[in-house]
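Subject: Structure handover

Hello,

Here is the structure for your work on the ligand site. My notes on it follow below.

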Amino acid sequence: MADKPHQNLAVIGHVDHGKSTMVGRLLFETGSVPEHVIEQHREEAEEKGKGGFEFAYVMDNLAEERERGVTIDIAHQEFDTDSYYFTIVDCPGHRDFVKNMITGASQADNAVLVVAADDGVAPQTREHVFLARTLGIDELIIAVNKMDLVDYKEDSYNDVKEQVQKLLKQVRFRADDATFVPTSAFEGDNVSEASDNTPWYSGPTLLEALNDLPEPQTPTDAPLRLPIQDVYTISGIGTVPVGRVETGILEIGANVSFQPSDVGGEVKTVEMHHEEVPKAEPGDNVGFNVRGIGKDDIRRGDVCGPADDPPTVAETFQAQIVVMQHPSVITAGYTPVFHAHTSQVACTIESIDAKLDPASGEVAEENPDFIQSGDAAKVTIRPQKPLSIEPASEIPELGSFAIRDMGQTIAAGQVLSVDE
Ligand code: GDP
């Protein structure tokens, strides 16, 4: 997997606008549908005496897997183009999509925004675009989808395009740079092949637009940061923490430290895709073993870093947050659960230092009494248990978080500074 760069891709957009169908279509047309799905189809097709590999079967099988929860979180779906390997970083339709978009094992580099041509910009279109912007997604490709439902009319496409451009301007995305493609995920128009149904469109297909994305910057210059997802005991090896390298390099022989558990040692083995490797880079999911570390010494939520530049543990931290949905108001003293990388820790909002203009980011009001849905604010936060977190300006991968309460994501934010 080293011959092409990797892209982590989020597929975002309002429910029912066609995200899952588009992912299915991308997998299907790039020949990336998992082998067992194809096998299952062959059997079914033979039983029913049908020929051809129908797209509908792929979708049924993917839907079934989603329901069983198989593809979520761990088994990321992958496809490739001439330039890149793409990993879909979250499963569209998953109820924790927004949370995972923020704290997920992998932060997306770029995103495809799916907007149905027959519906236009809808509430989750706004929410996801806003989040994508807050969380530093670089490029957005907009699939104006379900073109078949509006008779492939150029007017309908332009209408939705204008709505989205207006939204992008509102949240200060570089609206002029965004690539728009009229698609039908269901029929396959302009996904991998230019469609005869849209003779008025001369731009790239969705796959061409994906292939033309700029290369993501791999943060190998930053120190190692590897949030621990799970800790296993494997016979013959011992304790094996697993997680994804967010920044830096994990190497055999390196001296590492786990924070906030505050233990460390020398890396003995590194394993990736069931094979031993000498080192791992950003984006690699690894299991590794550290001399002298037992199962009870470390836990999910710890971050592994170099012993001489260990991950920061915050006593308090300042952050910029955006309140997405809260039924009432948020005041100082509020203590919801913060989800940052792989950790979940109750944190108290100690003070609301300023309310910000959501469009410009400038201070609108100093020390407001409360904030509510739609507000952006600067706040000071005190974790109730040790939490390893970093300023987003230094290590963006470890500088964002989601705030959850009452079973939903109520706010998202980025760390401005940390007091150790
Ligand atoms: P999601 O909630 O955004 O993941 O949306 P889905 O992919 O589940 O699609 C919702 C519904 O819209 C399903 O019934 C799809 O078959 C249908 N759909 C998706 N894309 C298209 C399209 O391009 N054209 C048409 N006619 N229907 C579509």
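How far does a backbone N or O atom of Asp-16 lie from an oxygen atom of the ligand? The distance is 2.7 Å. Please keep in mind that this is a predicted model.

Ligand site

The shell around the ligand has 15 residues, and those that come nearest are Asp-16, Lys-19, Ser-20, Thr-21 and Asp-148. Lys-19 also places a backbone N or O atom by the ligand, 2.8 Å from one of its oxygen atoms. With Ser-184 the side chain is involved: one of its N or O atoms is 3.1 Å from a ligand oxygen. On its own the ligand has 570 Å² of accessible area, and the protein covers 76% of that.

Helix α1, residues 19–29, gives the largest share of the shell, with three residues. Sorted by class, the shell contains seven polar, four charged and four nonpolar residues.

Aromatic pairs

There are eight aromatic pairs in the structure. In one of them, Tyr-157 and Tyr-201 meet edge-to-face, with 6.2 Å between centres and 75° between the planes. Tyr-157 belongs to helix α6 (residues 154–170), while Tyr-201 is in the loop between β6 (179–182) and α7 (206–211); the two are 44 residues apart, and the pair links distant parts of the chain. Both tyrosines, Tyr-157 and Tyr-201, are buried.

Another pair, Phe-258 with Phe-288, is stacked: the centres are 6.1 Å apart and the planes differ by 5°. Phe-258 is in strand β10 (residues 255–259) and Phe-288 is in strand β14 (residues 285–290), so this pair ties together parts that lie 30 residues apart in sequence. Are these two rings' residues buried or exposed? Phe-258 has 0% relative accessibility and therefore counts as buried. Phe-288 has a relative accessible area of 1%, so Phe-288 is buried too; the cut-off for buried is under 20%.

Two further items

Phe-79, Tyr-84 and Phe-86 make up one aromatic cluster. The ring of Tyr-85 has the charged end of Lys-4 sitting over it, 5.0 Å from the ring centre.

In short, for the ligand the contacts to look at include the backbone of Asp-16, the backbone of Lys-19 and the side chain of Ser-184. For the aromatic side, the entries include the edge-to-face pair of Tyr-157 and Tyr-201 and the stacked pair of Phe-258 and Phe-288.

Regards

Key. Residues numbered from 1 in each chain as written. Predicted model: local features only at pLDDT ≥ 70, side-chain atom pairs only at ≥ 80, totals over all residues. Heavy atoms only, no water. Near = heavy atom within 4 Å. Polar contact = N/O pair within 3.5 Å; in protein donor to acceptor, adjacent residues only side chain to side chain. Areas by Shrake-Rupley, 256 points an atom, 1.4 Å probe, with all protein chains shown as cover. Helix = DSSP H or I, 4+ residues; strand = E, 2+ residues; numbered from the N terminus. Nonpolar A, V, L, I, M, F, W, Y, C, P; charged D, E, K, R; others polar. Phe/Tyr/Trp six-rings, centres within 6.5 Å; stacked < 30°, edge-to-face > 60°. Buried < 20%, exposed > 50% of the residue type's maximum accessible area, 1.4 Å probe, protein only. Lys NZ or Arg CZ within 6 Å of the ring centre and 35° of its normal.
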